[in-house]
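Please study the sequence and the structure shown here before reading on. The paragraphs after them explain selected features step by step.

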Amino acid sequence: MTPSTLGVGILGAGPVTQAIHLPTLARLTDVFHVVRVMDVDPAVAESVAGRVGAAWTADVDELLADEEVQIVVICSPHQFHAEQVVAACRAGKRAILCEKPFAMSKAQAEEIATVAAETRTPIIVGAMHTFDPGWLAAKAHWDDLITTSHTIRYSIVLPPNPRFEDFATEVATRPQWPAADRNDPDVAAGMIYGGIMGLAIHDLPLVRAFCPDFTDVEVLSCTLPYPAGYLVNLRVGQKDVQVSAVNSHSWEPEWTVEAIGDSSALRIDFSPSYVQAGSATAVIRRGWESEVYGPYAYNGYEGEWRFLAELARGTAEPLDITELIHDLTFALEVADKSAAAVREATAAANEKVMA
Ligand SMILES: NC(=O)c1ccc[n+]([C@@H]2O[C@H](COP(=O)([O-])OP(=O)(O)OC[C@H]3O[C@@H](n4cnc5c(N)ncnc54)[C@H](O)[C@@H]3O)[C@@H](O)[C@H]2O)c1
């Protein structure tokens, strides 16, 4: 730590803090130092703070009152995000990074926008691929693909998170999920909703970039693959959009976003979440020609922290919060409609079995 580094306060010290943000901050010690770590579980707060020589607390207000905390990162469970973002804005912090989703409803997001405008607090959401240098390079070179693309494919094949968390660090806490009966329509709908709002939400902002009519969402089909995930076919305005994820122990990790037009196409391969292995690689094909961008030295996690430093120092323009609200609105629309489709299909299948 040097006097010129920015002081960070962390709300929520679970696996994402331990296995994503602290390893990222360990690469950026010339820019940040962790001042204080808060978790509702005091043992977790103390143990995680001890890893970085920071103070700890189990009280949100105590962390926010600490004047050395200039930047707040919110890594609590999603239902606490909106109120904690608002509280951090009101505490006069220089910048906020909130893990995704930053709110659970459009109304909450609009409240955040109002308070952030009042307090002039820059906010970013931890949709890390939007900060990945591979994605940013693709954006600078894809020309008219936004209008000419007709098919968007967003596919994730990942082992469950603990595999990567364990590569990164020794995780002090890990929630246990009870086994769920996916033949129950509400359970099946909840699994899809959780999958979209928990995992797909990462790159729905990238999908939205190609879907100007993002409020016009129709679910053509939606199923739950085994052992977990989602397979959703959408029509978004004039575009066909496929959104899928399979969580399996045995498969090789893959995380891709593709935008396909008749004369050009983009494919981006991201490294798995939790993994610090450089940026995505983007390939833009035009006829027989291919342009390759990346991999660059760092990924979207480091990208989001570097941008956060610029925001805190006033050397970058804050993001337009309306765009963050649009990203959330799109994710909620996909999640709500996909969950409704699965609930209906599961109930219909149950009735067929009973008949
Ligand atoms: N960016 C990514 O790659 C990525 C990956 C996975 C999850 N996430 C997001 O990161 C966030 C944290 O994920 P996680 O897996 O660490 O979650 P988790 O639920 O496993 O852990 C959260 C921690 O927050 C603590 N907590 C509970 N209530 C709290 C409160 N009111 N205030 C402060 N702390 C509280 C818990 O004790 C726990 O230690 C979630 O929003 C999740 O969606 C991001």
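The explanation begins with the ligand and then turns to the backbone, one helix and one residue. The model under discussion is a predicted one.

Consider first the surroundings of the ligand. There are 25 residues around it, and those that come nearest are Gly12, Gly14, Val16, Ser76 and Glu99. With three residues, helix 1, which covers residues 15-26, gives the most to this shell. By chemical character, the shell around the ligand consists of 13 nonpolar, eight polar and four charged residues. Two domains take part: domain 1 (6-125) and domain 2 (130-298 + 328-351) each supply at least three residues to the shell.

The backbone deserves attention next. Most peptide bonds are trans, and most residues other than glycine have a negative phi. Against this background, a few places in the chain may be examined. Lysine 100 and proline 101 are joined by a cis peptide bond, with omega at about -15 degrees. Proline 101 belongs to the loop that runs between strand 5 (95-98) and helix 5 (106-119). Another cis peptide bond links glycine 294 to proline 295, and here omega is about 0 degrees. Proline 295 sits in the loop between strand 14 (289-293) and helix 11 (300-313).

The sign of phi offers a further pair of cases. Aspartate 143 is not a glycine, yet its phi is positive, at about 55 degrees. This residue is placed in the loop between helix 6 (133-141) and helix 7 (145-148). Is aspartate 143 buried or exposed? Because only 12 or fewer other C-beta atoms within 10 Å are allowed for an exposed residue, the count of 11 for aspartate 143 makes it exposed. Arginine 120 likewise has a positive phi of about 55 degrees although it is not a glycine. Arginine 120 lies in the loop between helix 5 and strand 6 (123-125). Arginine 120 is exposed, since 10 other C-beta atoms lie within 10 Å.

Arginine 120 comes just after helix 5, and that helix can now be followed in detail. How far apart are the end C-alpha atoms of helix 5? At 1.5 Å a residue, its 14 residues should span 20 Å, and the end C-alpha atoms are indeed 20 Å apart, so expectation and model agree. Within helix 5, the residues Ala109, Ile112 and Ala116 are buried. Viewed down the helix axis, the buried residues of helix 5 fall within an arc of 55 degrees, and they therefore line one face of the helix. These buried residues pack against helix 4 (81-90), strand 6 and helix 12 (321-354). On the other side of helix 5, the residues Ala107, Ala117 and Glu118 are exposed.

Finally, a single residue may be considered. Valine 207 is part of helix 10, which comprises residues 204-209. A residue is buried if 20 or more other C-beta atoms lie within 10 Å of its own; valine 207 has 25 such neighbours and therefore counts as buried. Which residues does valine 207 touch, leaving aside those up to four places away in sequence? They are Ile152, Tyr154 and Val241. Valine 207 and glutamine 242 are 35 residues apart along the chain, while their C-alpha atoms are separated by 9.7 Å.

Conventions:
Residues numbered from 1 in each chain as written. Predicted model: local features only at pLDDT ≥ 70, side-chain atom pairs only at ≥ 80, totals over all residues. Near = placed C-beta within 6 Å. Helix = DSSP H or I, 4+ residues; strand = E, 2+ residues; numbered from the N terminus. Nonpolar A, V, L, I, M, F, W, Y, C, P; charged D, E, K, R; others polar. Domains from an automatic or database assignment. Expected span 1.5 Å × (residues − 1). Arc of directions from axis to C-beta. Contact = placed C-beta atoms within 7 Å.
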